[in-house]
Each structure stands twice: as structure tokens, then as C-alpha cells.
Amino acid sequence: MGSCVAGGAYLPIMSDEAMIVDKTGSIFLAGSFLVKAAIGEDIDNETLGGATTHCEISGVTDYKHPDDKSCLDAIKKIFDKIGDYQKAGFDRIASAPPKKTPKDIYGIIPVERDKPYDMVEVIHRLVDDSEFEEYKEKYGQTILCGLARIEGWAVGIVANQRKVVKSKKGEMQFGGVIYSDSADKAARFIMNCNQKKIPLVFLQDVTGFMVGSRSEQGGIIKDGAKMVNAVANSVVPKFTVIIGNSYGAGNYAMCGKAYDPRLIVGWPTANIAVMGGSQAANVLLQIEVANLKSKGMVITPEDEKALLKKIIDRYNSQTSPYYAASRLWLDAIIDPLDTRKVISMGIEAANHAPIEKAFNVGILQT
């Protein structure tokens, strides 16, 4: 459709079929000015390497088209005649819309990112018939796991529950935090989906793993490692949607960019960072104040307050999904109502690539 010069001239010709648009398309190893300088030949670019030259004289290109639209239409006609191929075999039935109104999502996600909400209500507005078959519903409640369908495709959903929950042992657990029991549940569910060849969908709104002596003594690292291990070694396609927070090791465990999801997208409500803004800013403030004091500077409370605001503003600007997408940490920022379509298209594409690697998580500590 445009000019392909020098090394770039080889690229279209190494394709299965090459099309060129008349008058605007051209291919040559050197343009007319370089030809003139190198060998003294006077020639215009169209005669040197235009559509007529390559379709009727050199035979370099296969099809000549009068404009871009006819060229693109011709590509569609070529593709609609390609033969069938082996598929991965992911299960699909007729699609059904959610019974609960998807537009309600706009009102479910709170503007303040630390406010609780029920992730089940979001899931019911993303899945077919609003049917979600929850796995270990009353165990490890800060992570929701279950089977559903999205535009007919069978999926396993792993999502962070954002409301405060109470375990059967009487422990209050913060929403969006991964505890030992929820990590253990998620690891088992992820392994089940790999055994059953069911694509995984991760819905992230996670602030991280639970910290403190009680969690450390309870083996949070060991249980978290199970979940990370299961995610990292999964062979089924993984799709990640960052709905809200995506902080630190929680990003990893919930299939962040480093864990190779087929697609990773964010809603405009997403926040991506090593840790939450206020926690990070206070840590950075302590470091900055200590550094300034080591240089003999006197820091007043007013100075600290101004410095903290500066750090928070800078940090918050870098947690934006737009900041992440501009650096390719996200594939796209999408309207929540497009989530079903994006996941469905992703699974359909992944279905063209059969699974060849055996599922093996290696050694898991119990």
C-alpha cells in the first residue's frame, strides 16, 4: 500500500502472497534518487518499482489493486478459502447473554479503589446466562474459583473477591488479599482446569498476599508458591482482565504480564503497581527523608507533607492503566462491556493452536 525499500523490500516477497496498490505501492532495493547517485540512471519511482513493473514485468508481486479497499477485500477473499486445520478442541456451545444486565457493572465498581464490592455480581454480568458454578465456595473466600461459559466457550474463572469475608474459623479476611487458604484453593482449581483442557480467565483486583507473623507462620509463602507454580506451568490458554488493583506479587499470582497470558487487558478502573500508592509513598518518603538528613538538611513536618504529596502524585500517575498500556504492560484498555467479546475472540484464536506441552507443575510443598 506504500513504499517498501532496501531490506524492507524483502519482507512482502517472503510472504505467501504479495499484493500491491497501483500508484501508491512501490518496492525497490534503492529509490530513484539513490539509483541516480549510484549508477547515474534517471528513472521515476513508479517505473522503477511500481505496481505495473512488479505485476507485469518482474513478477515480484502477485496481485495489483486500484486502491486500498479493493486490496483489503481481496485479502478477505483469499482467507475465506483457506482449508481447515487441527484445533485444540476447547469446548463451545451456543452463546447466551448474561441474565443480569451487563451495564450494571458501571455501578458495581466503586470510584474509591479501597471500597469493598462483591466480585460475584461482576462475574454474573460477564458469563452466559449469569451461571457461575463456584468451586470450594465457602473455603478460601478471598479468591473466587468456578466454571462458566463466555459466548459459549467453557472457561475456568479465578477472581479476587473484594468484600470482607469471614472464615469458618472465625477469621475476618480483607477483600482483595490472597490468604493461605485462597492460594491453596486457586492452585488446585488451576490444576483441575489444565487436566480438563479448560481455558483460564483471571479477573484481577488484588492488593497482594497477606503479611505478618501469623501469615508467615501459617506458611503463606508455601501456599502462595503453589498458586504461582500452577499459573506459571499452565498449558491451557490464560486471559487476564485487570478490573481494579494489581499490586506486587498479587499481580504475578493472578497471571500478570510476566506469566504469559494470551491477552492481558485492563478496564479504565485498573491500577497497576508494585504496591498501593499510600504504602509506597510512605516508604519512599522515609527513604527520601533519611537521605536528606544524612546530608545535614533539616526537614520540617511541612517539608515532609509537601514531599509526600509530590511522591503520591508521581506514583499515582504511574499506576494508571494508560501508563501501563503505553509501555505494553497491557495489550489494551477496554470498555467492561467488551470483556466477553475480547475473551471469546482470544479463545477462538487460541483454539487454532493445539496444546503440545504436557502439564507438569513439578514439586509442590504440602
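The lining of the second largest pocket leans on side chains of several kinds: in this predicted model, its residues split into 7 polar, 6 charged and 4 nonpolar. In total, 17 residues line this pocket, and the space inside comes to about 440 Å³. Nearest the centre of the pocket sit Lys169, Glu171, Gln173, Ser180 and Asp181. Two helices, H8 (180-196) and H9 (213-217), each put at least two residues into the lining.

Helix H8 also packs against another helix. Its axis and that of H10 (residues 220-232) come within 8 Å of each other and cross at roughly 25°. Angles under 35 degrees count as roughly parallel, so H8 and H10 run roughly parallel to each other. The crossing of the two helices is left-handed. On the H8 side, the contact is built from Ser180, Ala183, Asp184, Ala186, Ala187, Ile190 and Met191. H10 brings Ile220, Asp223, Gly224, Lys226, Met227, Ala230 and Val231 to the contact. Sorted by type, the residues of this contact come out as 9 nonpolar, 3 charged and 2 polar.

Ser180 turns up in both settings: this residue is among those nearest the centre of the second largest pocket, and Ser180 is also one of the H8 residues in contact with H10.

Key: Residues numbered from 1 in each chain as written. Predicted model: local features only at pLDDT ≥ 70, side-chain atom pairs only at ≥ 80, totals over all residues. Heavy atoms only, no water. 1 Å grid on protein atoms, 1.4 Å probe; cavity = no way out; pocket = protein on both sides within 12 Å on 5 of 7 lines; lining within 4 Å. Points joined across faces, edges and corners; volume = space filled by probe spheres on them. Helix = DSSP H or I, 4+ residues; strand = E, 2+ residues; numbered from the N terminus. Nonpolar A, V, L, I, M, F, W, Y, C, P; charged D, E, K, R; others polar. Axes fitted to C-alpha atoms, helices over the stretch in contact; angles between N-to-C directions. Parallel < 35°, antiparallel > 145°, perpendicular 65-115°, else oblique. Left-handed = near helix turned anticlockwise from the far one by under 90°. Contact = heavy atoms within 4.5 Å.
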